[in-house]
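User: I am new to this structure and would like to understand the terms used to describe it. Please explain the reasoning behind each one.

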Amino acid sequence: MQNELNKPDHLVVVNSLEKRYTKGGAPVFSDISFSIDHGEIVCMIGHSGCGKSTILNILAGLESASSGQVSINGHTIRGPGLDRGVVFQGHALMPWLTVEQNVAMAIRARHPGMQRGDVKNMTEHYLGLVSLKEAMHKRPSELSGGMRQRVGIARAFSTTPELLLMDEPFGALDALTRGVIQDELLNICAQTHQTVFMITHDIDEAILLADRLLLMSSGPNAHIAEVVQNPLPKERSRAEIHHKKGYSDLRNHIMDFLVQKLNLKKPENN
Ligand SMILES: Nc1ncnc2c1ncn2[C@@H]1O[C@H](COP(=O)(O)OP(=O)(O)OP(=O)(O)O)[C@@H](O)[C@H]1O
């Protein structure tokens, strides 16, 4: 079905993904199907080893599925592409380049013909969004872990990807820094209507950031056991979210899922 912009309704459609590492063995996961709408933030939560990173890497085009397809804007993906930006837990910055150069390099890759001055302006704009303009001439080794991760986020946003993929992007950060960056991420997403697929182990982070949560059963043969729509309004704020009606119920629901339903068997006819 097409909308008025003649684009598919869903930005991303994931259809029946399955991954096997050993021939004849049980798949790590199977029958993974979901969609992501334009501007939506979808979080996947599940225990270690159920295949979350593998699914994200397949969406990034860095890994291939044993079967199934992923399409973005109606086109089946066949490898990595500039339509997708990835933020990993380890920021993966180039250590010999400054903060500015790390971001500018990504912008030039996305816009090969862009004038030098425009690249500079765009670099400063995205570093400004993560409050790092002051540090633009520093090298990654001179930054804290949180600052490096913010450079990684600025770099990913600066390429204006159709889809931003984040694999536990704040996992290595202390709670305070994590909170600050979560706020920054929410602000940027509100400004840019960025579509995001994200993996996290942190329930509070998922409730704060996600419009929809995909709860994975444990592997092998993991599957999406439940899809939960976040009932809290889209304008969520870290300072107030725990006072909102519905917050505790949602948190308890996800916690119960993770604690009690660890070994959900895949339904026979699903
Ligand atoms: N290259 C590989 N070869 C064989 N098995 C692999 C390979 N990569 C991942 N696996 C297995 O696939 C399963 C899923 O791994 P994956 O990293 O996707 O899980 P995850 O849910 O992201 O885990 P975590 O939350 O710990 O990061 C694991 O059992 C892992 O051992």
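Analyst: Helix axes are lines fitted to C-alpha atoms over the stretch in contact, and the angles between their N-to-C directions run from 0 to 180 degrees. The model is predicted. In it, α4 and helix α5 (residues 175–192) pack at an angle of about 15°, with their axes 11 Å apart.

User: Why is α4 called roughly parallel to α5?

Analyst: Angles under 35 degrees count as roughly parallel. The angle of α4 and α5 is about 15°, and therefore α4 is roughly parallel to α5. Their crossing is right-handed.

User: Which residues of α4 and α5 meet?

Analyst: Gly146, Gln149, Arg150, Ile153 and Phe157 in α4 meet Thr177, Ile181, Leu185, Ile188 and Thr192 in α5. By class, this contact of α4 with α5 has five nonpolar, four polar and one charged residues.

User: What makes α2 roughly parallel to α4?

Analyst: Helix α2 (residues 99–110) packs with α4 at an angle of about 25°, and their axes are 8 Å apart. The cut-off for roughly parallel is under 35 degrees, so α2 is roughly parallel to α4. α2 passes α4 in a right-handed crossing. On the α2 side the contact is made by Val99, Asn102, Val103, Ala106 and Ile107, and on the α4 side by Val151, Ala154, Arg155 and Ser158. These residues divide into six nonpolar, two polar and one charged.

User: Why is α3 called oblique to α4?

Analyst: Helix α3 (residues 116–129) and helix α4 (residues 145–158) pack at an angle of about 130°, with axes 9 Å apart. Roughly antiparallel requires an angle over 145 degrees, roughly perpendicular covers 65 to 115, roughly parallel is under 35, and the rest count as oblique. The angle of about 130° therefore makes α3 oblique to α4. α3 passes α4 in a right-handed crossing. Met122, Thr123, Tyr126, Leu127 and Leu129 of α3 make the contact with Ala154, Phe157 and Ser158 of α4. The contact of α3 with α4 has six nonpolar, two polar and no charged residues.

User: How do you know which residues surround the ligand?

Analyst: A residue counts as near the ligand if its C-beta atom, placed from the backbone, lies within 6 Å of it. The ligand is surrounded by Tyr21, Val28, Gly46, Ser48, Gly49, Cys50, Gly51, Lys52, Ser53, Thr54 and Gly219. This shell has three nonpolar, seven polar and one charged residues.

User: Where does pLDDT stay under 50?

Analyst: One stretch is residues 1–6, for which the model has four contacts beyond four places in sequence. Another is residues 265–270, with three such contacts. Where pLDDT is low, the predicted coordinates should not be read in detail. The protein chain averages a pLDDT of 88, and 93% of the residues score at least 70.

User: What ipTM and pTM does the predictor give the complex?

Analyst: The complex has an ipTM of 0.96 and a pTM of 0.88.

How values were computed
Residues numbered from 1 in each chain as written. Predicted model: local features only at pLDDT ≥ 70, side-chain atom pairs only at ≥ 80, totals over all residues. Nonpolar A, V, L, I, M, F, W, Y, C, P; charged D, E, K, R; others polar. pLDDT = per-residue confidence, 0-100. Contact = placed C-beta atoms within 7 Å. Helix = DSSP H or I, 4+ residues; strand = E, 2+ residues; numbered from the N terminus. Left-handed = near helix turned anticlockwise from the far one by under 90°.
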